[in-house]
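Take a walk through this protein, one region at a time. Keep the sequence and the 3D view side by side as you read.

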Amino acid sequence: MWRRVASLSPLVSSSKPSILNQGLCTFKFWETFTTDIATQEKPFITFVLGGPGSGKGTQCEKIVETFGFKHLSAGDLLRREIASKSEYGSMILNTIREGKIVPSQVTVKLIQREMESSDNKKFLIDGFPRSEENRIAFEKINTKTLSDLSALCSKVKETECYIKEKSRRDLMKILTGAEPNLVLFFDCPEKEMVKRVLSRNQGRVDDNIDTMKKRLKVFEALNRPVINYYSERGKVFKISAVGTVDEIFEQVRPIFASCEAIK
C-alpha cells in the first residue's frame with residue numbers, strides 16, 4: 001500500500017497544490033485505496049450464541065483446535081477488563097452482577113481491539129451479540145481497514161493532498177458493515193444450563209442461582225431476536241447442546257468442514 005501511495009508525490013508541487021493537482025491527487029488516492037480494499041483478505045466471522053451453560057466455550061475450544069480459529073469470548077474480555085481495573089472495570093462488574101448486558105460500545109470496543117491486534121483472519125466471537133443493540137453496534141464497526149484508512153489519510157495529508165468530504169464518506173461506506181459469515185446457536189434446555197453453571201465452580205461472579213435466573217430471562221428477551229434476525233438471512237446453524245462434548249462437536253464439525261473459505 002505505502003509503495004503505491006508514494007507514487008502520489010510527483011502530482012504535488014512543493015507549493016500550495018493547484019485545483020488540478022488536488023483533483024488528480026484525490027482520484028489517485030481513491031484508486032489506490034479502493035484497490036487495496038478489494039484485494040484485502042476479509043475476516044471470516046462466526047458468532048457463537050446460546051444461553052449460559054449451553055457449552056459454547058467448550059465447543060469453541062474444539063473448533064480452535066480443529067480449524068485454527070481465534071476465539072474471542074465476550075465474557076472473558078469483560079472479566080479481563082474488570083481485573084485490569086480500567087475506567088470501565090467497575091461499571092462492567094456491577095452490570096454483570098445484576099445480570100444485565102454491558103453497554104454495546106464497551107463490548108464492541110474490546111472485541112474490535114482484539115481483532116485488530118490479531119494476525120488470524122478467522123474469528124469465533126463467543127457470547128456476542130446478546131441483543132439487537134449489540135448486533136447493530138458490531139455491524140457498524142471496521143476492523144483493520146479502519147486503522148489502515150486513518151494511517152493512509154495521514155500519509156496523504158503529509159503530501160499536501162486534500163480529499164473531498166464526499167470521497168471520504170464514500171470510502172467509509174465501503175469499509176463499514178462487519179456481518180458474520182455464520183452463526184452457531186447452541187440450543188440447550190434451561191434445567192440443563194442451570195445444572196451446568198452451578199456445578200462448574202469456576203469462581204465467576206455471575207455463577208449463582210439468583211444471577212443465573214436473571215441471565216436466562218435476559219437471554220430469552222434479548223438474544224432470541226438476534227437469532228431470529230440471522231435465521232431469516234440463512235446464517236444460523238442450530239446445534240442440540242445435549243450429550244457429550246464429542247457428540248455435540250460431531251454436529252459442529254461438518255459446518256466448518258464444508259466452508260471453502262476456511263479450509
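**From cysteines to a ring cluster**

C188 is buried, because its relative accessible area is 8% and the cut-off for buried is under 20%. The model shown here is a predicted one. C259 has a relative accessible area of 16%, so C259 is buried as well. How many disulfides does the structure hold? The number is 0.

Move now to helix α7. This helix covers residues 132–139, and N134 lies in it. The UniProt record, an unreviewed entry, places the feature "binding site" at N134. Is N134 buried or exposed? Its relative accessibility is 2%, so N134 counts as buried. What does N134 touch, if residues up to four places away in sequence are not counted? The list is I101, V102, S104, F128 and P129.

R135 also has its place in helix α7. With a relative accessible area of 7%, R135 is buried. Set aside the neighbours within four places in sequence, and R135 is in contact with P129, Y229 and Y230. P129 is therefore a name to remember, as it appears among the contacts of N134 and again among those of R135, where contact means heavy atoms within 4.5 Å. One of the tyrosines deserves a second look. R135 lies over the face of Y229, and the distance to the ring centre is 3.5 Å.

A charge over a ring turns up elsewhere too. K62 lies over the face of F249, at 5.4 Å from the ring centre.

Follow the tyrosines to the aromatic rings. The count of aromatic pairs comes to 7. One of them joins F47 and Y230. Their centres are 5.9 Å apart, the angle between the planes is 65°, and the pair is edge-to-face. Where in the fold do these two rings sit? F47 lies in strand β1, residues 44–50, while Y230 lies in helix α11, residues 209–232. The pair therefore ties together parts that are 183 residues apart in sequence.

Both F47 and Y230 are buried. For Y230 the relative accessibility is 0%, which is why Y230 counts as buried. Y230 has another ring partner, Y229. The centres of these two rings are 5.1 Å apart and their planes stand at 85°, so this pair is edge-to-face. Y229 is buried too, with a relative accessible area of 16%.

Which residues do the ring pairs link into a cluster? They are F47, F128, F138, Y229 and Y230. Some of these names have come up before. F128 is one of the residues that N134 touches. Y229 and Y230 are among the contacts of R135.

The last stop is helix α10, which covers residues 190–199. Which of its residues are buried? They are M193, V194 and V197. These residues cover an arc of only 100° around the axis, so they are on the same side of α10. The other side of α10 has K191 and K195, and both are exposed. What do the buried residues of α10 pack against? They pack against α11, the helix that holds Y230.

Now retrace the route in the 3D view. Start at N134 in helix α7. Step to R135, over the face of Y229. Go on to Y230, and cross from there to F47 in strand β1. Then return to helix α11 and find the buried residues of α10 packed against it.

Key. Residues numbered from 1 in each chain as written. Predicted model: local features only at pLDDT ≥ 70, side-chain atom pairs only at ≥ 80, totals over all residues. Heavy atoms only, no water. Disulfide = S-S within 2.5 Å. Buried < 20%, exposed > 50% of the residue type's maximum accessible area, 1.4 Å probe, protein only. UniProt positions renumbered as here; feature names shortened; annotations may be inferred. Helix = DSSP H or I, 4+ residues; strand = E, 2+ residues; numbered from the N terminus. Phe/Tyr/Trp six-rings, centres within 6.5 Å; stacked < 30°, edge-to-face > 60°. Lys NZ or Arg CZ within 6 Å of the ring centre and 35° of its normal. Arc of directions from axis to C-beta.
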